[in-house]
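Visitor: Please take one strand from this model and go through it closely, with the strands and helices around it. After that, set it against other parts of the chain.

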Amino acid sequence: MNRNDLNEILRERVLLLDGSYGAEFVRRGFKGDLPPDVLNLRDPRLVKGVHQDYVNAGADIIITNTFGSTPYKLKQSGVEEHKEIVESGVKIAKEAAQGKTLVFGDIGPTGALPYPLGEEGFDFFFNNYFETAKIMVEKGVDGIILETFSDMLELKAAVLAVREVSKDVFLVAHLTFDENGRTLTGTDPFNFALTFNDLDVDCIGINCTLGPEEMLPVFQELAKHSNKFLSVEPNAGLPVLEDGKTVYPVGAKEFALHMDSYWEYGANIIGGCCGTNPEHIRQMRKTLGERSPVSRKKRRCSAVSSTLKTVDFDDFVIVGERINPAGRKRLKEAVEKRDLNYIIDDARKQVEAGADILDINFGIESNVPRDFMEKVILSLVYKVGVPLSLDVQTPELLERLMKIYPGRPLVNSSRAAEEELGFKTDLVKKYGGVLIVLSMGGDVPHSLVERKSSVDWALQFMEKKGLDKERIFFDPIVLSLGAGGNPRVTLETLEYIKKLGFKTIFGLSNLSFGLPDKSFFNAAFLVLSLEKGLDAAIMNPLDEVLIKNLDAALIILGKKGLPKARVETEDRIVKVLLSGKKEELLNIVKEELKHSKPLEVVDKHLKPAMEKIGEMYSSGEIFLPQLILAAQASKPSFDLIERKLGEKKGEEMFIIATVKGDVHDIGKNIVAAVVRSSGFDVIDLGKDVSTEKIVEAVKRFKPKALGLSAMMTTTAPRIKEVTEGLKKQNLKVVVIGGGASLDEKTVKTLGADFYAKDAVDALKILKKV
């Protein structure tokens with residue numbers, strides 16, 4: 001079935017998706033010693049039996065047993081038969097469906113983090129998903145579902161890979177959120193909806209981590225902002241261990257009653273994730289029956305975003321102009337020398353001064369390596385956190401940077417000329433974004449008539465191209481006053497554009513080019529422009545005269561004034577860590593070591609700073625990218641202190657591992673980095689580690705504590721294997737358990753001493769013991 005047919009069906013009725021597979025396989029005898037995907041080759045009858053039970057329970061859609069079947073993820077478990085597993089997965093599902101039930105190819109995340117949080121780039125993710133989706137489409141799936149993703153860049157890469165394979169296959173894209181409504185890398189539902197409204201997906205949604213009650217408010221927020229079909233798959237609550245078996249507390253009838261609420265808020269595809277089984281689907285069929293979907297009012301919004309932050313244009317927006325080598329010798333040198341830290345520091349200063357968005361211009365683009373430009377864009381998005389305006393002129397480069405951008409960028413800009421505007425309109429439609437259109441075609445127009453003509457032509461052109469109104473901004477063009485430009489024409493053009501109902505933005509500093517007293521000219525013109533309705537300006541946020549005049553003008557005009565600068569109360573080391581300044585922190589530590597012992601430097605300065613950062617993370621003041629950045633920044637300083645101390649004692653050592661059969665290690669890696677950055681000697685045994693190897697490591701190194709991670713319900717019992725193995729060897733060590741499949745009660749049942757929800761929890765426990 002192609003996507004158009006399926007879209008028609010979803011306009012008429014809600015479809016039921018199936019439930020969990022991993023837990024069902026375990027319940028039916030699977031030992032969990034290999035990825036469940038391998039069962040497609042080793043025990044296809046078991047897989048087909050679960051499929052058939054979901055079909056018989058009333059599921060309209062079943063998914064293939066291929067959640068972990070990207071080439072990279074399979075290889076992490078030592079499995080090489082990627083093509084065979086995917087092909088068999090589709091074949092088994094289609095045999096079970098017998099043409100009565102739709103079959104969606106299921107693809108989950110690779111388990112790797114993108115640069116700069118991890119090592120992998122866009123192409124790594126794209127290629128993994130392309131290879132998997134290609135097999136699925138060739139074998140005739142009715143749709144593809146991308147589920148349990150935690151990062152927008154990886155999910156965007158997956159979406160673009162699927163669309164590279166097929167424009168006709170129905171496509172669902174899911175993120176997973178925590179109870180605070182954020183993904184692992186800090187994205188909220190509004191940002192998710194905004195970004196993926198632009199992309200060529202049919203349906204977006206949420207699955208995993210949360211039970212039906214906890215997930216509902218997150219889903220409501222998503223439904224409020226999305227203009228796509230919506231799907232949802234909650235867990236059957238948080239798992240507990242009973243008689244050595246993992247049990248999910250939300251029964252089938254209770255689950256079905258909860259799912260009725262999702263229908264009320266506009267869900268089009270409803271299913272279950274971890275802990276749900278055919279009985280849950282059967283009860284949902286009884287409760288929901290054959291229903292038509294509830295219509296939703298689609299909210300249109302002029303906004304841009306990064307992974308962490310969304311900026312709408314309801315209030316005046318400052319776009320920082322300073323990342324542009326023109327006229328800035330030191331920045332030009334930083335670009336030439338590939339000095340990423342200088343650029344990040346420069347960007348951060350603009351944000352601290354009030355910039356909502358940062359405009360990025362690389363100067364002579366042919367002189368700058370593409371990979372460095374990509375690193376700049378991704379570092380600014382993940383480390384600084386604000387949305388970006390891409391002021392990039394080379395067509396191929398602009399397309400590349402838009403492709404890898406994790407969020408909704410501002411694209412600066414296009415002339416109102418058919419070839420250029422057509423190309424850039426197509427780019428924002430394919431990759432997402434908001435396009436700034438100049439009120440000029442060819443030569444720079446000096447009259448209002450010429451500018452109005454360009455605006456009118458551009459509007460007709462983009463209407464034919466199908467670009468939504470809220471994704472079009474106009475620049476009325478500011479020319480140099482010193483070179484004969486007439487600012488009154490700009491104001492008249494601005495007024496005309498606002499009457500048409502469009503957002504406006506311009507480059508303010510163009511006005512004062514070549515003039516003395518730039519700040520005063522810029523401030524005066526900005527105030528006049530605000531009165532005409534200007535929505536945003538590309539300007540210098542470090543110009544105090546300009547900022548004070550802007551704030552006063554906004555208040556006088558009855559608009560929202562600028563946010564007051566936050567009083568800087570944080571410790572200097574905290575600020576340096578959050579800025580990722582490794583060298584600066586190292587210099588501070590070296591200075592402290594001149595008059596303090598190494599352990600005093602750790603106890604009085606580094607540990608308290610990391611504890612403060614942990615508190616900020618726990619309270620939602622910062623998110624994972626900043627936490628990882630701080631951990632990375634602290635490493636050279638701790639390495640120096642370690643060399644000063646020599647070999648560490650066992651009471652300062654922490655061993656961590658992901659248990660046997662589990663190849664998920666993002667959470668484990670984060671815990672290891674944060675604990676290491678707080679002064680502990682961390683031995684990371686890796687993922688899929690045997691019980692014997694873990695016990696042997698404890699026996700050899702005699703650590704203060706042992707951390708065990710289990711992401712899947714099928715591998716959680718391995719923790720009990722380890723704790724029992726330690727007892728047999730009479731090894732006494734504090735055991736901390738963590739992972740998505742665990743909670744405090746379950747961890748205690750498995751024999752561990754403490755449960756750590758995240759890296760900050762683990763650090764608090766280590767400090768306590």
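Guide: Two strands count as paired if DSSP finds at least two bridges between them. The model is a predicted one. A clear case of pairing is strand β23 (residues 705-709) with strand β24 (residues 734-738), which run parallel and share five bridges. There, A705 faces V734 of β24. Both strands belong to an open five-stranded sheet with parallel pairing, in the order β22-β21-β23-β24-β25. Its edges are β22 (681-684) and β25 (754-755), each of which pairs on one side only.

The strand for the close look is β18, residues 472-475. Four bridges connect β18 in parallel to strand β17 (residues 434-438), and two bridges connect β18, also in parallel, to strand β19 (residues 503-507). Because the cut-off is at least two bridges, both β17 and β19 count as partners of β18. On the β17 side, I436 has F473 as its bridge partner. On the β19 side, F474 is matched with T504.

Helices complete the connections. β17 leads through helix α18 (residues 448-465) to β18 in a right-handed β-α-β unit. From β18 the chain goes through helix α19 (residues 487-500) to β19, and this unit is right-handed as well.

The side chains of β18 alternate: I472 and F474 point one way, F473 and D475 the other. All four residues are buried, D475 included. For F474 the relative accessible area is 0%, under the 20% limit, so F474 counts as buried.

Just after the strand, the loop between β18 and α19 holds I477. I477 has a positive phi of about 75° although it is not a glycine. Most residues other than glycine have a negative phi. I477 is buried, with a relative accessible area of 6%. A second case is T209, with a positive phi of about 70° and likewise no glycine. T209 sits in the loop between β6 (203-207) and α10, but T209 is partly exposed, at 33% relative accessible area.

F474 also takes part in ring contacts. Across the whole structure, a search gives 16 aromatic pairs. One of them is F219 with Y262: the ring centres are 5.3 Å apart and the planes lie at 65°, so this pair is edge-to-face. F219 is in helix α10 (residues 212-225) and Y262 in helix α11 (residues 252-264), 43 residues apart. Both rings belong to buried residues. The pair that involves β18 is F474 with F502, also edge-to-face, at 5.6 Å between centres and 85° between planes. F502 lies in the loop between α19 and β19 while F474 is in β18, so the pair ties together parts 28 residues apart in sequence. F502 counts as buried too, at 9% relative accessibility. Elsewhere, ring pairs join Y21, F25, F30 and Y54 into a cluster.

F474 appears again in the packing. The largest nonpolar core has 209 residues, and F474 is among those that touch the most other members, along with I62, I144, L146, F316, M462 and M539. A separate core of 26 residues lies apart from the largest one; its members include I683, L708, A716 and V722. In the largest core, I144 is a second example to inspect. Beyond four places in sequence, I144 touches residues including F104, I107, V137, V162 and F170.

Y54, from the ring cluster, leads to S20. Outside its neighbours within four places in sequence, S20 contacts Y54, G272, C273, C274, G275 and T276. S20 sits in the loop between β1 (15-16) and α2 (22-27), and its relative accessible area of 9% makes it buried.

For a covered helix, turn to α15 (residues 370-384), whose 15 residues reach 20 Å between the first and last C-alpha, close to the 21 Å expected. Twelve of its 15 residues are buried, among them E374 and K383. Right after α15, G385 has a positive phi of about 95°.

Two peptide bonds deserve a check in the viewer. Most peptide bonds are trans. The bond from Y115 to P116 is cis, with omega near 10°, and P116 lies in the loop between β3 (102-107) and α7 (122-138). The bond from N412 to S413 is cis as well, again with omega near 10°. S413 is placed in strand β16 (residues 410-414).

Terms used. Residues are numbered from 1 along each chain as its sequence is written. This is a predicted model: local features need pLDDT of at least 70, side-chain atom pairs count only at pLDDT 80 or more; totals for chains, interfaces and linings use all residues. Side-chain values use heavy atoms; hydrogens and water are left out. Buried means under 20% relative accessible area, exposed over 50%, partly exposed in between (1.4 Å probe, protein chains only). A crossover is right-handed if, with the strands pointing away from the viewer, the path from the first strand over the helix to the second runs clockwise. A nonpolar core is a set of buried Ala, Val, Leu, Ile, Met, Phe, Trp, Tyr and Cys residues joined through side-chain atoms within 4.5 Å. Contact means heavy atoms within 4.5 Å. The expected span of a helix is 1.5 Å times one less than its number of residues. Rings of Phe, Tyr and Trp (its six-membered ring) pair if their centres lie within 6.5 Å; planes under 30 degrees apart count as stacked, over 60 as edge-to-face and the rest as tilted.
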